[in-house]
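Here are my notes from going through this one. Keep the viewer open while you read, since the points hop around the chain.

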Amino acid sequence: MRTVDVARQAGCSVQQVRNLERDGVLPPATRTATGYRVYGQVHLQSALAYRALAVGAGPVEAKKIVRAVHRFPVAQVVALLDAVHAGLDAERRQLRRAEEAVRAISDEPIDDVRASDSMSVSELAAALGVRPSTLRHWDAEGLVVPDRDPVRGTRRYAPARVRDARIVHQLRRAGHRIAPLRALVPELRRAHRLEEVTSALAARDDGITARSRALLDGAAALGAALSLAASAHTGDRPHDDLRDR
């Protein structure tokens with residue numbers, strides 16, 4: 001295959017094929033005495049694996065995984081791929097927790113606050129049915145941070161922070177831990193309506209699914225590249241290669 005043939009079948013540019021070879025993602029192409037490159041199926045499958053894995057894992061990780069095909073034992077290659085799958089699984093579990101959180105606060109009017117809703121620590125604690133120390137803990141953890149009276153230094157919860165406290169209270173009652181809430185609450189805070197949060201979570205779900213599907217495609221090409229690389233190392237090279245610059 002010519003460089004352009006590999007590029008067309010892998011869905012990338014001729015320059016990218018050259019760059020992938022330079023970076024070790026494709027094994028070095030052999031050359032004839034006149035300088036023509038010899039490309040085979042191992043180059044094509046490596047390029048296909050990279051293209052798919054770049055979607056699923058990002059270009060840096062994709063290069064690391066496919067480069068390992070030509071340098072390391074199979075166990076190290078699949079371990080790198082396993083780590084990517086584990087990362088996606090963690091993202092999916094985090095997404096499910098966020099979806100549960102949205103359902104838990106579905107009755108909370110997060111887009112309806114009034115100036116009269118401003119409260120002191122004791123007032124807000126009484127309204128929520130929690131101890132003032134709980135609110136101070138949320139403050140320390142960065143979940144619900146109140147304003148401070150410039151003279152007395154006492155905590156004062158503006159309407160938006162009262163809303164945050166209601167949300168955090170519902171999520172805590174639903175069993176959500178402090179650490180995941182640190183990442184979730186700012187997202188809820190930025191949204192003016194729950195519909196925006198739901199839409200954002202659905203888009204994230206679609207993105208994770210697309211990346212998972214790309215990993216499936218990448219794994220198939222990766223398996224083929226591993227088999228071809230193993231055959232090359234044992235001297236059993238395929239005979240369907242064509243030579244070109």
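The points below go from the overall picture to individual helices and side chains.

1. First, a word on confidence. This is a predicted model, and the protein chain averages a pLDDT of 84, with 85% of the residues scoring at least 70. The stretch to be wary of is residues 236–245, where the pLDDT is below 50. Beyond near neighbours in sequence, that stretch still has 25 contacts in the model, but I'd read them with the low score in mind.

2. Now the overall make-up. The protein chain has 10 helices and six strands, and 40% of its 245 residues count as buried. Take the contacts between residues at least 6 apart in sequence: 67% of them join residues at least 24 apart. Several of the points below are about pairs of that kind.

3. At the start of the chain, how do α1 and α2 pack? Helix α1 (residues 3–10) meets helix α2 (residues 14–22) at an angle of about 100°, and their axes are 8 Å apart. Angles of 65 to 115 degrees count as roughly perpendicular, so that is what we call α1 relative to α2. On the α1 side the contact is made by Thr3, Val4, Val6 and Ala7; α2 brings Val14, Val17 and Arg18.

4. Histidine 70 deserves a click. It sits in the loop between α4 (59–69) and α5. A polar atom of its side chain lies 3.1 Å from the backbone oxygen of valine 25. Leaving out residues up to four places away in sequence, histidine 70 touches Gly24, Val25, Leu26, Pro27, Val42, Ser46 and Ala229.

5. One of those partners is serine 46, which you'll find in helix α3 (residues 41–57). Is serine 46 buried or exposed? Its relative accessibility is 0%, and the cut-off for buried is under 20%, so serine 46 counts as buried. Apart from residues up to four places away in sequence, serine 46 touches His70, Val25, Leu26, Pro27, Val66 and Ala225. So far as the contact lists go, histidine 70 and serine 46 both touch Val25, Leu26 and Pro27.

6. On to helix α5 (residues 74–104), with leucine 81 as one of its residues. Leucine 81 counts as buried because its relative accessibility is 10%. Setting aside neighbours within four places in sequence, leucine 81 is in contact with Leu53, Ile65, Ala219 and Leu222. Its C-alpha is 9.0 Å from that of alanine 62, which is 19 residues away along the chain.

7. Further along α5 comes arginine 92. At 24% relative accessibility, arginine 92 counts as partly exposed. Which residues does arginine 92 touch, not counting those up to four places away in sequence? They are Asp205, Ile208, Thr209 and Ser212. With serine 212 there is a side-chain to side-chain polar contact at 3.2 Å. The C-alpha of arginine 204 is 9.1 Å from that of arginine 92, although the two are 112 residues apart along the chain.

8. Helix α6 (residues 121–128) has a clear inside face. Its buried residues are Val121, Leu124, Ala125 and Leu128. They cover an arc of only 100° around the axis, so they end up on the same side of α6. The general rule helps here: an α-helix has 3.6 residues a turn, so residues three or four places apart point the same way. The face of α6 turned away from the buried side carries exposed Ala126 and Ala127. Among the elements covering the buried residues are β3 (119–120), α7, β5 (155–157) and α8 (159–173). After α6 comes glycine 129, with a positive phi near 80°.

9. Helix α7 (residues 132–140) can be read in a similar way. Leu135, Trp138 and Asp139 are its buried residues. Looking down the axis of α7, these fall within an arc of 105°, so they line one face of the helix. Just after α7, glycine 142 has a positive phi of about 80°.

10. Last one: arginine 163, in helix α8. Don't assume an arginine has to be outside; arginine 163 is buried, with a relative accessible area of 8%. Its C-alpha lies 9.9 Å from that of serine 118, 45 residues away in sequence.

Methods
Residues are numbered from 1 along each chain as its sequence is written. Side-chain values use heavy atoms; hydrogens and water are left out. Buried means under 20% relative accessible area, exposed over 50%, partly exposed in between (1.4 Å probe, protein chains only). Helices (H or I, at least four residues) and strands (E, at least two) are DSSP runs, numbered from the N terminus. The arc is that of the directions from the helix axis to the C-beta atoms. pLDDT is the predictor's confidence in each residue, from 0 to 100. Contact means heavy atoms within 4.5 Å. A polar contact is a pair of N or O atoms within 3.5 Å; within protein, one must be able to donate a hydrogen and the other to accept it, and residues adjacent in sequence count only if both atoms are side-chain atoms. Axes are lines fitted to C-alpha atoms, for helices over the stretch in contact, and angles run from 0 to 180 degrees between N-to-C directions. Angles under 35 degrees count as roughly parallel, over 145 as roughly antiparallel, 65 to 115 as roughly perpendicular and the rest as oblique.
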